[in-house]
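This report is for a reader who has not met this structure before. Please keep the sequence and the 3D view open while reading.

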Amino acid sequence: MPTTSPDQILITVAPTGAETTKEDCPQLPTTLEELVQAAQECEAAGAAMVHVHIRDADHRPTLDPTRLVDTVQALREQTGLVVQLSTGGSVHDPLDARLKVLDAQPDSCSLTMGTTNFGDDVFSNPWPFICELYQLSQERQVVPEFELFDLGHVHALRRLLDTYGLPYGGKVHCDFVMGVPGGMPGTAPALVAGVALLPEEVTSWSATGIGRSTLPVMFAALSMGGHLRVGMEDVLTLARRVPVARNAQLVERAVGAAALAQRTPMSPADARALIGLA
């Protein structure tokens with residue numbers, strides 16, 4: 001069985017998201033073929049897990065069950081990546097459709113630990129929904145990644161673990177999503193505060209900074225021994241007025257930054273061991 005060490009880093013890529021339109025960003029991978037190609041390039045660059053949102057034929061966010069199943073199957077057949085489906089979808093998706101995401105049988109799923117103001121919208125995650133999704137993930141043997149947009153979400157994680165026990169696989173992996181307008185700021189002090197409050201059951205954590213907070217969050221996470229999520233879901237520029245052409249560029253930058261911290265990218269097999277899949 002693969003084992004992990006502090007010298008390794010899990011790099012997750014979130015290639016698409018649900019907010020950016022294809023019209024505004026033609027290089028965004030929105031078709032299945034584009035998504036698979038982006039995933040293959042990112043795996044070659046050092047990513048071990050892919051966080052997946054899907055689009056319909058018109059490039060709009062969707063939770064269509066058939067498309068989800070086809071996406072999971074294609075990524076499993078054509079990459080070695082851990083396949084993590086978003087249960088957040090877009091901020092407009094109904095809760096019952098978000099629960100059905102697990103019908104596609106991914107390796108992992110996101111599980112956001114509370115409601116968040118999301119720009120002008122509201123990303124709704126009421127407590128009964130969180131509990132239902134968590135128990136469903138245990139039943140279906142899908143490893144959740146607990147997404148933390150604010151410090152209250154860290155407290156909610158403590159409450160969830162106390163109520164329903166450990167997730168499938170026995171490991172507790174979290175991701176701090178920082179810099180969303182309405183959530184915690186993408187700063188080092190905010191990350192320090194969040195990590196300090198994590199329940200003792202947490203076995204690993206990563207961080208992602210939205211937009212301009214991408215680099216500050218990356219460097220703070222590396223300095224604290226955390227893992228990283230990068231991708232065009234979260235940022236569309238490499239520098240001011242320098243657009244991202246492909247997701248692999250963001251993975252390559254994360255690998256380079258991790259190398260300065262003397263850490264090497266995990267393989268997908270290592271990532272499976274880290275989060276309790278192996």
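## Strand 7 and its neighbours

Strand 7 has side chains on two sides: Ser-108, Ser-110 and Thr-112 point one way, Cys-109 and Leu-111 point the other way, and all of them are buried. The model described here is a predicted one. Because 5 of the 5 residues of strand 7 (residues 108-112) are buried, this strand is largely enclosed by the rest of the structure.

Strand 7 runs parallel to strand 6, and 2 bridges join them. The bridge partner of Gln-84 in strand 7 is Ser-108. Strand 7 also pairs with strand 10 (residues 143-148), again in the parallel sense, over 5 bridges. Here Cys-109 has Pro-144 of strand 10 as its bridge partner.

## The barrel

How do the strands fit together as a whole? There are 8 strands that close into a barrel, in the order 2-3-6-7-10-11-12-13, with parallel pairing. From one strand to the next, the twist averages 30 degrees. Strands of a sheet pair through backbone hydrogen bonds, either parallel or antiparallel.

Strand 11 and strand 12 form a parallel pair over 6 bridges. Asp-175 stands opposite Ser-206 of strand 12. Helix 6 packs on the sheet and touches both strand 11 and strand 12, and its direction makes about 155 degrees with that of strand 11. Elsewhere, helix 2 (residues 65-78) lies across strand 3 (49-52) and strand 6 (82-85), running at about 160 degrees to strand 6.

## Two buried polar residues

Gln-84 lies in strand 6. Is this residue buried or exposed? Gln-84 has a relative accessible area of 0%, so it is buried. The side chains of Gln-84 and His-51 are joined by a polar contact of 2.6 Å. Leaving aside residues up to four places away in sequence, Gln-84 touches Met-49, Val-50, His-51, Val-52, Ser-108, Cys-109, Ser-110 and Glu-145.

Arg-229 lies in strand 13. Arg-229 counts as buried because its relative accessibility is 4%, and the cut-off for buried is under 20%. The side chain of Arg-229 makes a polar contact of 2.8 Å with the side chain of Asp-234. Residues touched by Arg-229, not counting those up to four places away in sequence, include His-51, Glu-147, Asp-175 and Thr-208. His-51 is thus listed among the contacts of Arg-229 and among those of Gln-84.

## Helix 7

Helix 7 covers residues 214-223, and its buried residues are Thr-214, Val-217, Met-218, Ala-220, Ala-221 and Leu-222. An α-helix has 3.6 residues a turn, so residues three or four places apart point the same way.

What do the buried residues of helix 7 pack against? Their partners are strand 1 (8-9), strand 11 (173-178), helix 6 (188-196), strand 12 (204-209), strand 13 (227-230) and helix 8 (247-260). Just after helix 7, Gly-225 takes a positive phi of about 80 degrees.

## Enclosed space

Rolling a probe the size of a water molecule over the atoms shows where empty space is left. In this structure there are 2 cavities of 30 Å³ or more. The largest cavity holds about 80 Å³ of space. It is lined by 13 residues, and His-53, Ile-54, Thr-62, Leu-63 and Gly-89 are those nearest its centre.

Terms used:
Residues are numbered from 1 along each chain as its sequence is written. This is a predicted model: local features need pLDDT of at least 70, side-chain atom pairs count only at pLDDT 80 or more; totals for chains, interfaces and linings use all residues. Side-chain values use heavy atoms; hydrogens and water are left out. Buried means under 20% relative accessible area, exposed over 50%, partly exposed in between (1.4 Å probe, protein chains only). Helices (H or I, at least four residues) and strands (E, at least two) are DSSP runs, numbered from the N terminus. Contact means heavy atoms within 4.5 Å. A polar contact is a pair of N or O atoms within 3.5 Å; within protein, one must be able to donate a hydrogen and the other to accept it, and residues adjacent in sequence count only if both atoms are side-chain atoms. Two strands pair if DSSP finds at least two bridges between them. Axes are lines fitted to C-alpha atoms, for helices over the stretch in contact, and angles run from 0 to 180 degrees between N-to-C directions. On a 1 Å grid over the protein atoms alone, a cavity is a set of points where a 1.4 Å probe fits but cannot get out, and a pocket is an open set with protein on both sides within 12 Å along at least five of seven lines; lining residues have an atom within 4 Å of a point. Grid points are joined across faces, edges and corners, and a volume is the space filled by probe spheres set on the points.
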